[in-house]
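Thanks for coming. I will go through the cross-links, the charged pairs and the nonpolar cores, in a slightly odd order. Please have the sequence and the model open.

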Amino acid sequence: MKKLIIVTFVLSVLFSSCLILSVSANGLDPLARVDIKHSGDETDESLTVLDPAEGNWIELQGGEGVAIPPVALVYNGVNSVTHVEDGRTITVTSTKIVPYVDYPVAYPFNSHPFYHQNDCVTVEVQVQSELVVENGYECYIYLVKTGPAELMDALNAGIHGNTTPIRNLFSTAINKTIPIEDTSISETFCGLEPGDYGVAATLDPYTAPDITLISVSAFTILEHDSTLDVPTEVTRPSESEGSVDGEFTITDGSANAKYTFIAALIKDEPYTVRLECDGTKAGTDLMVNNALLVDGFKIGGVGVNKVNSSTVYNWITGASTAASVEKGTKTGNTYEFELPVGGLPDGDYFLYVAAWNVTNPAQRVVAFSQERVKIETEPPSTPSPTPPRVPLGRSYKPTIPTDFMGIVTTSLTLCSDDGRACASMHTGTTAQDAKGQPLKEITFSVPPDLPTPLPPGVLVLAIQLGPEGATFSPPIEVCITFDPAELAGKIPVIYTYSAAEGWKALETTVVGNKACAKVDHFSIFVLFAESVVPTPPPTPEVTPPITPTPVATPTPPPPFPMVPLVIIIAIVAVVIIAAVAYMMLKTR
């Protein structure tokens, strides 16, 4: 809907002057001035447009708002044009711009409301001129319910110097006159019927020959409520795959009505609305991110009478650098969609879904919902690195990355040449040799002899880790791989040997075909397969009978409260869809 405000503002001034930029009038410093001089007895007329770059805007409040991406307005074209038609001389002048040099205006708002029936609309007018306040001006607010075709006809007449259709529109408007005592004026309108509305704020009544326009805006009051059920985060397997799937439901519409639905997923990125004008209708173009919205006064490249949902579809796909759009027509209130996201970049997106009532041609957009969706791609699976193999009896240098204090700086696992014995240590482990110096190497070797007597069980594998006297804090993990067939019915246990304590069984953890134990120093480590000692059955005890004590029937706990799923749907104006949708006729 932000695009809707921008487009409405630009078009309203553009189509009555082919410029949006200005000269000084009435002591003010406006954006544009259009003078219409009549050759007969008619009173000359003028339209002065205040400069939005100085903060002259209409901000709509109430309803349900939606955050939108940043929008920049840029004008490039003539700064003066005069033409004569039907005895009228129409002159447009500007002193603020240089011909064919970009004139930027930053749009000041980051959200815009959409309205439902029974919502009140608050119009806040910002007038950034102390002269307006000091000289006792009045603000005239006009709220007009009008369709795009009627608005376009009135603007087209204004181009030719005939202001009567525009003034007639204002005559049917709900209007308020408010003394300007501050730079901010507001008025609230309630009880509005569903439909499209334009709102204008001026410093003069519409009947005056000379009118100063503060700003214009537009909004829509939807006929139906709707819900949008869609995941807010979507993770896809790769950048070339994936989709955003959802369901849009018109909650209070007729199940027999036929609707055209458009679902659009659009990247949350800056948008530039660019107006180019050489002083002629044919040379007037309005673009959004280099996609033509108005081409020589044609909406979406076609005449306004031919604008339809297909035009909207084609324009959206061209206006956004990253978008996925789906269109479908069906009978019923529910629309299931699947928007492919293959090829779109990861990031935040706006998802907009709108419905047009095809059964009733008098309806245009009758329901709308919006949601934000974050698209992410699963990181590629990284295969576990194969630990370096160290030949038995040989050193691997440098084996352990340690700093000057012997602290391991990178977690690693080192294995013997045959892979059956491995030692794993983590970052932060202190690894030192027998002299307390940083440990830089490790050796795997087969001990030539094993001290006797050996522990009970079958010897599976014996290794000696060196250098002798190396210590670790906290302990590291030593694992030995075994063949499960060799240990059928037996328990694998790792033992270590020291001259002071002899053989000592370590607390052994078995995972698959690996037996692992924590060790704080290097020594001889042997994996034995011990027989399982059967546990004798317990001697039965004779328990005297116990007289049961009556137990009170427990009070059942209260049922667990079920929290209903509440979907808060931001029914707001669509950044791209509504801009074109607002231009649509009452018929397709």
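Is Arg372 buried, partly exposed or exposed? With a relative accessible area of 33%, Arg372 is partly exposed. Before going further: this is a predicted model, and what I say about it is computed from that model.

Stay with Arg372 for a moment. Its side chain meets that of Asp268 in a salt bridge, at 2.3 Å from N to O. Arg372 belongs to strand E27, residues 365–377, while Asp268 sits in the loop between strand E19 (258–267) and E20, so this pair ties together parts that are 104 residues apart in sequence. Asp268 has 24% relative accessibility and therefore counts as partly exposed.

Now the residue just before it in the numbering, Glu371, also in strand E27. Which side chain of opposite charge is nearest to Glu371? That is Arg372, at 7.1 Å. A salt bridge needs the nitrogen within 4 Å of the carboxyl oxygen, and Glu371, although buried, has no salt bridge. What does Glu371 touch instead, leaving aside residues up to four places away in sequence? The contacts are Leu228, Val230, Thr232, Tyr349, Phe350 and Leu351.

Next, the other salt bridges. The structure holds 10 of them, and I will describe some.

Arg274 pairs with Asp102, with 3.0 Å between the closest N and O atoms. Arg274 is in strand E20, residues 271–277, and Asp102 is in the loop between strand E7 (88–93) and strand E8 (103–106), which puts the partners 172 residues apart. On burial, Arg274 has a relative accessible area of 19% and is buried. The cut-off matters here: buried means under 20%. Asp102 is partly exposed, at 41%.

Arg236 and Asp346 form another salt bridge, 2.7 Å from N to O. Arg236 lies in strand E17 (residues 233–236) and Asp346 in the loop between strand E25 (334–340) and strand E26 (347–357), so parts 110 residues apart in sequence are tied together. Arg236 is buried, with a relative accessible area of 1%. Asp346, at 34% relative accessibility, counts as partly exposed.

There is also a network of salt bridges, which links Asp51, Glu54 and Lys96.

On to the disulfides. How many are there? The count comes to three.

One joins Cys120 to Cys190, with a sulfur-to-sulfur distance of 1.9 Å. This link is right-handed, with 115° about the S-S bond. Cys120 is in the loop between strand E9 (111–116) and strand E10 (121–126), and Cys190 is in the loop between strand E13 (184–189) and strand E14 (195–202), so the bond ties together parts 70 residues apart in sequence. Both ends are loop positions. Cys120 is partly exposed at 32% relative accessibility, and Cys190 is partly exposed at 47%.

Another disulfide is formed by Cys415 and Cys422, whose sulfur atoms are 2.0 Å apart. The torsion about its S-S bond is about 105°, so the disulfide of Cys415 and Cys422 is right-handed. Both of these cysteines are buried.

The remaining one joins Cys479 to Cys516, at 2.0 Å from S to S. It is right-handed, with 110° about the S-S bond. The partners are 37 residues apart and come from distant parts of the chain: Cys479 from strand E35 (residues 471–481) and Cys516 from strand E39 (residues 514–521). Cys479 and Cys516 are buried.

While on cysteines, Cys139 is buried as well, with a relative accessible area of 0%.

Last topic, the nonpolar cores. As background, nonpolar side chains in soluble globular proteins tend to be buried together.

Which residues touch the most other members of the largest nonpolar core? That core has 41 residues, and the ones with the most such contacts are Trp57, Leu73, Tyr75, Tyr103, Val273 and Phe368. Where does this core lie? Domain 1 (7–222 + 568–585) and domain 2 (226–377) both contribute residues, so the core lies between them. A second core, separate from that one, has 31 residues, including Ala423, Leu465, Leu506 and Leu527.

To close, I would point you back to Glu371, which is buried and has no salt bridge.

Methods: Residues numbered from 1 in each chain as written. Predicted model: local features only at pLDDT ≥ 70, side-chain atom pairs only at ≥ 80, totals over all residues. Heavy atoms only, no water. Disulfide = S-S within 2.5 Å. Helix = DSSP H or I, 4+ residues; strand = E, 2+ residues; numbered from the N terminus. Buried < 20%, exposed > 50% of the residue type's maximum accessible area, 1.4 Å probe, protein only. Core = buried A, V, L, I, M, F, W, Y, C linked by side-chain atoms within 4.5 Å. Domains from an automatic or database assignment. Lys, Arg positive; Asp, Glu negative; His and termini not counted. Contact = heavy atoms within 4.5 Å.
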